Amino acid sequence: MEKKALGRGLDALLPASKPAPPVETADAHHVRIDAIVPNRYQPRQLFSPGELAELTASIKESGVLQPILVRRKGDGMFELISGERRWRAAKEAGLEKIHVVVRNCSDQESLLFAIVENLQRENLNPMETARAYARMMNEFGMTQDTIAQKVGRDRSSVSNAVRLLNLRPEVQQLVEAGTLSTGHAKAILGLDSSESQLRVAKVVANRALSVRETEKLVEASLIGRKRARKAMSHSQYVDIEARLQKRLGTKVTIHPRGQGGKINIHYFSAQELEGIIDRLLS
């Protein structure tokens, strides 16, 4: 299915704001790199050292070609809204100042800017996307419908992303590292315990199983657990069956079902049936 386009762009996500006052530096469009702090709402947590090194080399050669987006913090400091990779690479390249665009925006808008920019660039891994959506829900009270509208995705995409947070932490790490895909993760979510999730995830990772193979493994695991529970449930009645068989002198089987069940008393002749009835009524 084709992705729903993020067509409105970043500017359309934020209300028009009053022009920011001039930046107090020699160049109104450049600020000191050490006067900028990371975005506390940055959804992206993993930055590839190799990609960062390539960008650093490019900046040393050609400079920063696209301004980063910041907002004022006060006391001459600024907080990143988007462009953290460029900011990090510029620092590594030894730049003292960097070209910026100053924007007035709230915490919620800052988070939204960062999420949409990363989604447009496909820079977020599935777990980073899931945590970003969860923050929008938990910290800003946004519904999944609202998030979907803001980021230009279907509601089902947002819902499925947030469900990944139900994975055991160790399994989330495998997804974050790219060892397991979103398809693998969705299949593993079908398991009913965190222990099962971790066990199956390790098998999938070690054997490099496909999503389809993972689905079959999950299905087999669920069937195996049901059989084990059934066997365990039956074993609880073995002693009772033995006592009844000794008392009645014939085979007795107990079949539990939910809160109830049934007891089967076997007989092999009319005479044996009469003997069982006598023992029950005596």
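Is Gln 197 buried or exposed? Please keep that question in mind while I introduce the chain, which we are looking at as a predicted model rather than an experimental one.

Let me start with the whole chain. It contains 12 helices and seven strands, and of its 282 residues, 37% are buried. If we take the contacts in the chain with a separation of 6 or more, 67% of them join residues that are 24 or more positions apart. The accessible surface comes to about 16,900 Å², and carbon and sulfur atoms account for 50% of that area.

Now back to the opening question. Gln 197 belongs to helix α9, which covers residues 194–207, and with a relative accessible area of 5% it is buried, because the cut-off for that word is under 20%. Setting aside the neighbours within four places in sequence, Gln 197 touches Asn 166, Leu 167, Arg 168 and Val 171, and also Ile 188, Leu 189 and Leu 191.

Let us turn to the nonpolar cores. In soluble globular proteins, nonpolar side chains tend to be buried together. Here the largest nonpolar core has 18 residues, and those with the most contacts inside it are Ile 36, Ile 59, Ile 68, Val 70, Ile 98 and Val 100. Two or more residues of this core come from each of α1 (49–62), β3 (68–74), β4 (77–82), α2 and β5 (97–102). A second core, separate from that one, has 17 residues, among them Ala 130, Leu 164, Leu 167 and Leu 198.

Val 70 is a good residue to select on the screen, and if we again leave out neighbours within four places in sequence, its contacts include Ile 36, Phe 78, Leu 80, Ile 81, Val 100 and Val 102, as well as Glu 79 and Arg 103. Between the C-alpha atoms of Val 70 and Glu 84, which are 14 residues apart along the chain, the separation is 10.0 Å.

Glu 84 itself lies in helix α2, and since its relative accessibility is 6%, Glu 84 counts as buried. Helix α2 spans residues 84–92, and its buried residues are Glu 84, Arg 86, Trp 87, Ala 89 and Ala 90. Just after α2 comes Gly 94, which has a positive phi of about 90°.

My last topic is how helix α4 packs against two other helices. Two packed helices are described by the angle between their axes and the distance between the axes.

With helix α6 (residues 155–163), α4 makes an angle of about 105°, and the axes are 8 Å apart, so α4 and α6 are roughly perpendicular to each other. On the α4 side the contact uses Ala 130, Tyr 133 and Met 137, while α6 brings Val 158, Ala 161 and Val 162. By class, this contact of α4 with α6 has six nonpolar, no polar and no charged residues.

With helix α7 (residues 169–176), α4, which runs over residues 126–140, packs at about 120°, and here the axes are 7 Å apart. That angle makes α4 oblique to α7. The residues that meet are Pro 126, Met 127, Glu 128 and Arg 131 in α4, and Gln 172, Val 175 and Glu 176 in α7. The contact of α4 with α7 divides into three nonpolar, one polar and three charged residues.

To return to where I began, the residue I asked about, Gln 197, is buried, and so is Glu 84.

How values were computed:
Residues numbered from 1 in each chain as written. Predicted model: local features only at pLDDT ≥ 70, side-chain atom pairs only at ≥ 80, totals over all residues. Heavy atoms only, no water. Axes fitted to C-alpha atoms, helices over the stretch in contact; angles between N-to-C directions. Helix = DSSP H or I, 4+ residues; strand = E, 2+ residues; numbered from the N terminus. Parallel < 35°, antiparallel > 145°, perpendicular 65-115°, else oblique. Contact = heavy atoms within 4.5 Å. Nonpolar A, V, L, I, M, F, W, Y, C, P; charged D, E, K, R; others polar. Buried < 20%, exposed > 50% of the residue type's maximum accessible area, 1.4 Å probe, protein only. Core = buried A, V, L, I, M, F, W, Y, C linked by side-chain atoms within 4.5 Å. Areas by Shrake-Rupley, 256 points an atom, 1.4 Å probe, with all protein chains shown as cover.
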